[in-house]
Amino acid sequence: MSIQDFPDQMRDRFPVSLSRKHRRSLIAWLGLVPALAILIAYRLIPLLWNFLLSFQNMRYTGETSWVGLENYFQLMEDPVFLDALFNTFLFLGSVPIAVTIALGLALLLNERFPGSNVFRSMFFLPYITMMVAIAVTWAYMFKSQGGVINYALQQMGLINQNISWLSDSWWARLSVIIVHVWKTTGFYLIIILAGLQNIPQEIYEVARIDGASTRQRFMYVTLPLLKPTLGVCALVGLVTSFELFDLVQVLTSGGPARSTEILITWIYKQAFEFGNFGYSAVLAIILFVIMAGGSLLGMYIQSNDYV
Amino acid sequence: MKDSIFSTLRQIRLLFGSLSLRDLLVNRLVLVIVVTLVVTGSVQVFASANNDGHFSGQVTNAAGEPVADATVVIQGLNIRSQTGRENTTTDENGYYEFPNQTDLLEFRIIVTKEGYESTVIRYHLYFKGQNDQIDVTLHKSE
Amino acid sequence: MSKINEKINRKDVGNVLDKIAVHRGENRVDTVRRLGYFVVALVLALLFFFPFYWLIKVAATWPSGSLYAGTPSLGLESLELYNFIRVYYEIPFPRYLFNSIVITMLAVVGSLVTNSLAAYSLTKDFVGKKVVMAFMVAALMIPYYVTVIPAFLLTNELGLLNTHLGVALPFMTFIIGTFILKNSFDAIPDSMLEAARLDGASEIYVLFGVMWRLAKPALATNVILAFIQTWNAYLWPLVVVSDRKMQPLPLALASFTTRFDGNFALQYAFAIMVLVPVVIMFLLLQKQFIRSVVQGSVKE
């Protein structure tokens, strides 16, 4: 009865027999435990907690008090909320712009001339860089007096006076869109390139033999065959909006007089600058509804195959 | 169950057995890290050998002759502020020196003497307290 | 070569182009067209890359007084590396770099292990598999910033505020990585696994010894996606970390920008110091990077 026999003893004392399938299930569930734990803790529970929080009022000390629908009523009295909602949708409009530019670039780079791989990497590089650093870079470029963009525009004779990029509400929105388009074009470019390369060359041969012009080949062969790829771009475009928080916060910090606030920056400010955790939970719920709706729409577009 | 514990240990040894030391050491990532560490280390060594903070130079006039008794003022520049000024005068050969400037990184040197235009030079070192020198040329004032 | 002193005329150009074209196996028109594409792409790429050129130029200019004048100059002049040294002395850059590295390593290693375990489980057929898969697909639709505020409260409860683990924990699993690994594991023929099991391998060895060796590209994808996500993360660390010393690089850069507002050369120098690791990694592993990002978005 030494310590070496202890494991055998344990097995004799507590005989456990599971069927093959049950043993497999047990092992499978064991393997899922870490992933599911983190997912439940950081996705499911916070989502449900949002609902709870939206009916409460929380102070910095952590005390919560039940206030019913008061936070929801605050929605209607909040002037920034409509602006934030509008901006959230407006900045989603950078996705079609970037996809169109990426489509043109992909058609060009698909011709496989020497060096097209280098160009592909050059266009892709902004996507993996830190949005904070990119925002810092563009912030100085957009400066009204002494910024290089105004300087270049004036040198080219396109404008007479300096554009106040970051101190006028509409120009600030445009600047956010410009930076976002610049950053994500490379990403869409490589997705569309992958999609283009999946189109077999024979189809183009057949179309050319049948007498289709270049424009007709593009409209009736390339575009329809690219539809699933463009659907992927739409879905993925939603994901790229995640980094808009960094961009808005660092570039305009919510813009001149809160005109470039998006829902997520307003949520952050309500919670951590004003301490209204309850109200920010309400905003988070609204944001979730919008994003989930957008994801479902994107999945629907993507699943429309051409087969 | 005892067997299973032993077999697990055997398997772990199998897992790591195929990882040779060479694979671990000779690859691009390790190379980059090693190069970075070596460069950083050598820069540190060089800096610590030369950071007594001894700053000096010679003041000459446009013709190349040394200017004695010129007032040389050194003022450190921080990002938003300036430190106090220290001054000294050049000796008969036009040499000046500021010892013990171990906190100096970016600064201004102002050289003045009667009959000459006062000259301001903005300068920076590569690490705090670097031993360095600037020679200044004064021009006669009109 | 004896014709060097004669003028070049159109026929000569045509001959050269023909030679190149024959060498490439096409006719002359195609070669000219390719040249045209190259030029157009070159111009577009250079224009697109301008912000990076501007970044490097401004950061390497000293003294930077000329930046505050009315007209910036586009060319390269007074190039000095002094701004980087100034930034190094102003802030504890090694500390911030260390924070970023620790958080990213935790997330990368954690996500490798967690995603592999989950993907391995998902290749089996077990009770409740449909529920789990549906849950994971549904969880894909929850963007992370909707969960930020309660996750902050949760991290507070766990006592993980201002710690590396607290920042890295939500990044230690991501569903896309699990699905990519699952697809890769599914492609491994069952006979191999059966053979390994017959030889006495435990489940752990089957996963980490056999499957990992055969699914190396998927593992690389996982590593790259986790790295990009965690290294560039701004909102979550901003929420969790309030102690200056524990800030990772994005936070350090942002607070530096507000502290030294107007000092663009220093801000740019710091931005370059922050971007250099990722750029170097990208240059070394371009193909793998691009392939990983495509795989992470196009869920076939």
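**Figure 1. A:Ser144 sits in the loop that joins α7 (131-141) to α8 (148-155) of chain A.** Like every view in this set, this close-up is drawn from a predicted model. How many other C-beta atoms lie within 10 Å of A:Ser144? There are 16, and a residue with 20 or more would be buried while one with 12 or fewer would be exposed; A:Ser144 is therefore partly exposed. Although A:Ile163 is 19 residues away along the chain, its C-alpha atom is separated from that of A:Ser144 by 6.1 Å. Leaving aside residues up to four places away in sequence, A:Ser144 touches A:Asn150, A:Asn162, A:Ser164, A:Trp165 and A:Ser167. If you are following along in the structure, start at A:Ser144 and look for A:Trp165 among these contacts.

**Figure 2. Chain A as a whole, with its 14 helices and 2 strands.** Stepping back from the loop, the C-alpha trace of chain A spans about 90 × 60 × 40 Å along its principal axes. The radius of gyration of chain A is 27 Å, whereas a compact globule of 307 residues would come out near 19 Å. Of the 307 residues in chain A, 40% are buried. Contacts that reach across the sequence are well represented here: taking pairs at least 6 apart in chain A, 70% join residues at least 24 apart.

**Figure 3. Where chain C meets chain A, 67 residues of chain C face 68 residues of chain A.** Several helices of chain C take part, and each of the following supplies at least two residues to the side that touches chain A: α2 (28-48), α3 (50-59), α5 (93-123), α6 (129-139), α7 (148-157), α14 (249-259), α15 and α16 (286-297). Which of them gives the most? That is α15(C), with 8 residues. Sorted by class, the side of chain C that touches chain A holds 51 nonpolar, 13 polar and 3 charged residues.

**Figure 4. Helices α4 and α15 of chain C pack with their axes 9 Å apart.** The angle between α4(C) and α15(C), the latter covering residues 264-284, is about 85°. Angles of 65 to 115 degrees count as roughly perpendicular, so α4(C) is roughly perpendicular to α15(C). On the α4(C) side, the residues to look for are C:Asn83, C:Phe84, C:Arg86 and C:Val87. They meet C:Ala265, C:Leu266, C:Ala269, C:Phe270 and C:Met273 in α15(C). Together, the residues of this contact comprise 7 nonpolar, 1 polar and 1 charged.

**Figure 5. The contact between chains C and B draws on 16 residues of chain C and 14 residues of chain B.** In chain C, the elements that give two or more residues to the side touching chain B are α4 (82-90) and α11 (203-214). The largest share comes from α4(C), with 5 residues. By class, this side of chain C has 10 nonpolar, 4 polar and 2 charged residues. The helix α4(C) thus appears in two of these views: here it touches chain B, and in Figure 4 it packs with α15(C).

**Figure 6. Chain B has two assigned domains, domain 1 (2-49) and domain 2 (55-138).** Their C-alpha centres lie 50 Å apart. How many helices and strands does chain B contain? It has 3 helices and 8 strands, and from the N terminus on they run α-α-α-β-β-β-β-β-β-β-β. The C-alpha atoms of chain B fill a box of roughly 100 × 30 × 25 Å along the principal axes. The radius of gyration of chain B is 29 Å, against a value near 14 Å for a compact globule of 142 residues. Buried residues account for 15% of the 142 residues in chain B. Among contacts in chain B with a separation of 6 or more, 62% are between residues 24 or more positions apart.

**Figure 7. The domains of chain C, and its helix α10 (residues 190-198).** The domain assignment of chain C gives domain 1 (1-48) and domain 2 (92-297). Over C-alpha atoms, the centres of these two domains of chain C are separated by 47 Å. Is α10(C) largely buried or largely in the open? The number of its 9 residues that are buried is 0, so α10(C) lies largely in the open. After α10(C) comes C:Gly200, which has a positive phi near 100°.

Terms used. Residues numbered from 1 in each chain as written. Chains lettered and ligands numbered in written order. Predicted model: local features only at pLDDT ≥ 70, side-chain atom pairs only at ≥ 80, totals over all residues. Rg over C-alpha atoms; globule rule 2.2 N^0.38 Å. Contact = placed C-beta atoms within 7 Å. Nonpolar A, V, L, I, M, F, W, Y, C, P; charged D, E, K, R; others polar. Axes fitted to C-alpha atoms, helices over the stretch in contact; angles between N-to-C directions. Parallel < 35°, antiparallel > 145°, perpendicular 65-115°, else oblique. Domains from an automatic or database assignment.
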